[in-house]
Amino acid sequence: MMREPTAFEQRVYDLLNRIPKGKVVTYKEMAHALDCGSAQAIGQALKRNPYAPEVPCHRVIKTDGNIGGYSGETGGAKLRKKLKLLASEGVKFDSGGSLVSQDVVYRFSDES
DNA sequence: CGCAGATGGCTAG
DNA sequence: CTAGCCATCTGCG
């Protein structure tokens, strides 16, 4: 299995790295930021996440403001601890894994 | 509200 | 070029 990050994946990870501390992005946002329009592709790149600890995949949430499958089964109970850690940065999530403050949802497009 | 199907784009060989 | 994949999204009853 060639786990080498491809152009698209690198773009996704780069975007995650662009996310300021205490902020999260929705799959749709990333998709749009990548000019693709497909969150599915994002999920794939994140799931593969060769940069696991370097890429804040936990900062990527669904359009509903949910963590997604990361805290569901793809991640792990330990992730719950991370959510709390994120809360320290400003990204507060619910015990279920839903974003509490949509206010932390970051936007790639800088439009005022 | 809840479920199911459809969708779009990505990866690999 | 083809096939399979995905942590999604959207619509409908």
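Cys36 is partly exposed in this predicted model, because its relative accessibility is 43%; buried denotes a relative accessible area under 20%, exposed one over 50%, and partly exposed the range in between, with a 1.4 Å probe and protein chains only. Cys57, in contrast, is buried, because its relative accessibility is 5%. No disulfide is formed by Cys36, because its sulfur is 19 Å from the closest cysteine sulfur, that of Cys57, which is too far for a bond. A disulfide is defined here as a pair of cysteine sulfur atoms within 2.5 Å, and by this rule the count is 0.

The model is predicted, and local features require pLDDT of at least 70, side-chain atom pairs count only at pLDDT 80 or more, and totals for chains, interfaces and linings use all residues. Residues are numbered from 1 along each chain as its sequence is written, chains are lettered from A and ligands numbered from 1 in the order in which they are written, and side-chain values use heavy atoms, with hydrogens and water left out.

DNA strand C is surrounded by 13 residues, of which Gln40, Gln44, Leu46, Lys47 and Thr63 are the closest; a residue is taken as near the strand if one of its heavy atoms lies within 4 Å of it. Of the strand C atoms within 4 Å of the protein, 53% belong to sugar or phosphate, and the rest belong to bases. The bases are approached through both side-chain and backbone atoms. A polar side-chain atom of Gln40 lies 2.4 Å from a base oxygen of DNA strand C. From the backbone, a polar atom of Leu46 is 2.5 Å from a base nitrogen of the strand, and a polar backbone atom of Lys47 is 2.6 Å from a base nitrogen.

At least two residues of the surface near DNA strand C come from each of helix H2 (27-33), helix H3 (39-48) and helix H4 (70-74). Helices are DSSP runs (H or I, at least four residues), numbered from the N terminus. The greatest contribution to this surface is made by H3, with 6 residues. By class, the surface comprises 4 nonpolar, 6 polar and 3 charged residues; Ala, Val, Leu, Ile, Met, Phe, Trp, Tyr, Cys and Pro count as nonpolar, Asp, Glu, Lys and Arg as charged, and the others, Gly among them, as polar.

The largest pocket has a volume of about 360 Å³. Its lining consists of 20 residues, and those closest to the pocket centre are Leu46, Lys47, Cys57, Tyr70 and Thr74. A pocket is an open set of points on a 1 Å grid over the protein atoms alone, where a 1.4 Å probe fits, with protein on both sides within 12 Å along at least five of seven lines; lining residues have an atom within 4 Å of a point. The volume is the space filled by probe spheres set on the points, which are joined across faces, edges and corners. H3 gives the most residues to the lining, namely 4. The lining contains 9 nonpolar, 7 polar and 4 charged residues.

Asp35 is located in the loop between H2 and H3 and is exposed, because its relative accessibility is 69%. Phi of Asp35 is near 65°, a positive value in a residue other than glycine. Most residues other than glycine have a negative phi.

Technical notes
A polar contact is a pair of N or O atoms within 3.5 Å; within protein, one must be able to donate a hydrogen and the other to accept it, and residues adjacent in sequence count only if both atoms are side-chain atoms.
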